[in-house]
Amino acid sequence: MDEESVDRSEGFGERLLGLLLDRARLLPPQLIAPLIAEEVAGIGGRDVSILLQDYAQELLVPLPGRKLHVGQPEPMADSPAGRAFLSADVVEVPRVHGVRMYLPLLDGSDQVGVMALTLDAVGDDDRRLLRRLAGLVADMLVTKNAYTDQFFLARRREPMSLSAEIQWGLLPPLTMSVPQVAVAGILEPAYRVAGDSFDYALNDNILHAAVIDAMGHGLDAAAMATIAIGAYRHARRVFISLAEKYAFMDDAVTRQFGPDHFVTAQLMHVNIATGEMELVNAGHPAPLLIRDGRVVRQLESATTLPIGFGGEEPRIREHTLQPGDRVLCYTDGIIEEHVAGGELFGEQRLIRCVNRLGEELSQGMRADLLRLSHTLKRERGGRTSDDATLFMIEWHGGAADHLAVLD
C-alpha cells in the first residue's frame with residue numbers, strides 16, 4: 001500500500017476503532033483474528049501476530065488464526081515481544097523492510113499478551129492509533145475468552161492436571177495496577193498446582209488480598225482451595241473485618257471437610273490512600289517487607305491457627321507502608337524445597353535472591369516478580385515438587401481522581 005495514501009488522522013482512527021467496537025458484540029471468537037488483521041491492513045500494516053503468555057509465564061505463544069502470522073514462541077525474558085510485555089510499553093525494531101512493532105495487550109492493567117505487526121514506517125499517528133487498537137484487542141480477547149477454549153489451548157504448552165485446571169479457573173487477573181497500588185502473583189508448578197491460590201479486590205480505598213495453601217495434593221487440595229477462596233470472596237462482600245473473614249472461612253472449611261483438614265492463609269487489608277496495612281497470618285511464613293530493593297524485615301503477626309482448626313478470633317497486626325514499599329507473600333513450597341545435598345532452600349536464601357535482584361535496574365513490579373520466580377526456580381535446580389506461590393503488593397499512595405476528569 002502506498003505509504004502516502006494511508007489516512008492515519010484522528011478521524012480515520014475513530015472510524016477504524018468504531019468499526020471494531022460495532023462488531024465486537026456479535027463477533028465469534030474465531031473471527032477476532034481476521035478482523036484484527038483487516039484493521040491493521042487498513043493502516044498499512046502486515047504480518048500481524050497475537051502472542052499470549054503461556055501458563056508458566058516463560059513464553060509468549062502465537063495465537064493461531066486466519067490471516068495471522070504464526071511464528072515460533074518468543075521467550076519472555078529475552079525478546080522484543082517479552083520486553084513489550086514486561087514493560088507494558090511499545091517496542092519498535094527496525095528491519096530491512098520496515099519496522100516491527102510490539103504492542104502490549106493491556107486489559108485494564110493486566111497484561112494479556114502482545115500484538116506484533118510490521119509497518120513500512122512509523123509516525124506518532126501510527127503509535128497513537130495502534131495503542132488504542134491494542135487496548136480494544138485486549139478487551140476482546142478477555143471478553144471472548146469466556147466463550148471459547150481457543151485461547152486456553154494456545155497458552156497451554158504441556159498437559160495440565162485437573163487440579164491445576166480448577167486452580168487457574170479460580171484465579172483473578174495475575175496483575176492489577178492503579179496509580180496508588182499494584183499487585184502481581186505467580187503459581188508454580190503451573191501445570192500441576194493443586195492447593196495454592198490467591199485473590200484480591202480493590203473496594204474504594206481498601207485493597208483486600210489473600211494468599212492460601214490448602215493441605216495435601218491433587219483434587220482434595222484443589223477442592224479445599226476452592227471452598228476457601230469462595231468463602232473468602234463471600235465474606236469480603238458481606239463483612240468488613242479480617243477477623244470476620246477468618247472466622248467465615250474457618251467455618252466453611254470445617255463444615256465441608258471436617259476437623260482433620262486445614263488451609264494456611266494470609267489475609268490483608270491495605271488502605272491505598274494512607275499505606276496502613278492490617279495482617280492476619282494463619283500458619284504461613286511471614287511476608288517480607290522490601291524497601292529500596294532490599295528486604296528490611298519480616299512482617300510478623302500474632303500466632304493464628306490455620307483455617308479449619310476452629311481457632312479463636314485472630315489478633316490483627318498493623319503495619320505502615322512507605323511509598324514504594326513492596327510486600328512479598330510466599331507459600332512454604334518456595335522455602336521447603338530440597339536443593340542439592342538435601343538441604344532446605346530456606347528463608348535466608350530467598351532473602352538473598354530478593355536482595356540480589358534488587359540491586360539490578362527495576363523493570364517494574366510484574367517484570368521483577370517474574371525474574372524473581374525464574375531465579376528461585378533455577379536456584380532450586382529447576383524443581384518445584386510442592387505448590388509454590390509468590391504474591392506481591394507495591395504501594396505508592398497518592399490519588400487517581402485526575403483520571404476521572406476529562407481534559
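Partly exposed, as I use the term here, means a relative accessible area between the buried limit of under 20% and the exposed limit of over 50%. I keep in mind throughout that the model is predicted.

**Entry 1: a nonpolar patch**

I looked up leucine 219 first. It is found in helix H7, residues 218–238. Its relative accessible area is 47%, so leucine 219 is partly exposed. Leu219 also belongs to a nonpolar surface patch, which it makes with Leu162 and Ile166. I noted about 260 Å² for that patch.

**Entry 2: leucine 153**

I then went to helix H5, residues 150–155, where leucine 153 has its place. Leucine 153 has 46% relative accessibility and therefore counts as partly exposed. I checked its C-alpha atom against that of leucine 63 and noted a separation of 9.2 Å. Along the chain these two leucines are 90 residues apart.

**Entry 3: strand E16**

Is strand E16 enclosed or open? I went through residues 326–330 and found five of the five buried, so the strand is largely enclosed by the rest of the structure. I sorted its side chains by direction. Arg326, Leu328 and Tyr330 point one way, while Val327 and Cys329 point the other way.

Next I looked for the strands beside E16. Strand E13, residues 288–291, runs antiparallel to E16 and is joined to it by three bridges. Across from arginine 326 of E16 stands isoleucine 290. Strand E17, residues 388–395, also pairs with E16 in the antiparallel sense, over five bridges. There I noted phenylalanine 391 of E17 as the bridge partner of cysteine 329.

**Entry 4: salt bridges**

My count of salt bridges is 15. I looked at three of them in detail.

Arginine 326 came up again here. Its side chain meets that of aspartate 368 in a salt bridge, with 3.0 Å from N to O. Aspartate 368 is in helix H11 and arginine 326 in strand E16, and the two are 42 residues apart. Both aspartate 368 and arginine 326 are buried. I followed the contacts further and found a network of salt bridges that links Arg326, Asp368, Arg371 and Glu394.

The second one joins arginine 356 and glutamate 379, with the closest N and O atoms 3.2 Å apart. Arginine 356 lies in helix H10 (residues 347–358) and glutamate 379 in helix H11, so this salt bridge ties together parts that are 23 residues apart in sequence. Arginine 356 has a relative accessible area of 36%, so I put it down as partly exposed. Glutamate 379, at 31% relative accessibility, counts as partly exposed too.

The third one joins lysine 377 and glutamate 58, at 3.8 Å from N to O. This pair links distant parts of the chain, 319 residues apart. Lysine 377 is in helix H11 (residues 365–379), and glutamate 58 is in the loop between strand E1 (46–53) and strand E2 (59–62). I wrote down 29% relative accessibility for lysine 377, which therefore counts as partly exposed. Glutamate 58 has a relative accessible area of 34% and is partly exposed.

**Entry 5: aromatic rings**

A pair of aromatic rings is described by the distance of the centres and the angle of the planes. I counted seven aromatic pairs. In one of them, phenylalanine 239 and phenylalanine 248 are edge-to-face, with 5.6 Å centre to centre and 65° between the planes. Phenylalanine 239 has 29% relative accessibility and counts as partly exposed. Phenylalanine 248 has 28% and counts as partly exposed.

Why do I call the pair of phenylalanine 262 and phenylalanine 309 tilted? Their planes are at 45°, and only angles under 30 degrees count as stacked and over 60 as edge-to-face, so this pair is tilted. The ring centres of phenylalanine 262 and phenylalanine 309 are 5.1 Å apart. Phenylalanine 262 is in the loop between helix H8 (242–257) and strand E11 (263–271). Phenylalanine 309 is in the loop between strand E14 (294–298) and strand E15 (317–320), and the two are 47 residues apart. I noted 26% relative accessibility for phenylalanine 262, which is partly exposed. For phenylalanine 309 I noted 38%, also partly exposed.

I also found one aromatic cluster formed by Tyr55, Phe152, Trp168 and Tyr191. Over the ring of tyrosine 55 sits the charged end of arginine 155, 4.0 Å from the ring centre. Last, I looked up arginine 349, which lies over the face of phenylalanine 345 at 5.4 Å from the ring centre.

Conventions:
Residues are numbered from 1 along each chain as its sequence is written. This is a predicted model: local features need pLDDT of at least 70, side-chain atom pairs count only at pLDDT 80 or more; totals for chains, interfaces and linings use all residues. Side-chain values use heavy atoms; hydrogens and water are left out. Rings of Phe, Tyr and Trp (its six-membered ring) pair if their centres lie within 6.5 Å; planes under 30 degrees apart count as stacked, over 60 as edge-to-face and the rest as tilted. Buried means under 20% relative accessible area, exposed over 50%, partly exposed in between (1.4 Å probe, protein chains only). Helices (H or I, at least four residues) and strands (E, at least two) are DSSP runs, numbered from the N terminus. A charge sits over a ring if NZ of Lys or CZ of Arg is within 6 Å of the ring centre and within 35 degrees of the ring normal. Patches are made of residues with over 30% relative accessible area and no salt bridge: like charges are joined within 9 Å, nonpolar side chains (Val, Leu, Ile, Met, Phe, Trp, Tyr) within 5 Å. Accessible areas come from the Shrake-Rupley method with a 1.4 Å probe; for residues, only the protein chains shown count as cover. A salt bridge is a side-chain nitrogen of Lys or Arg within 4 Å of a carboxyl oxygen of Asp or Glu. Two strands pair if DSSP finds at least two bridges between them.
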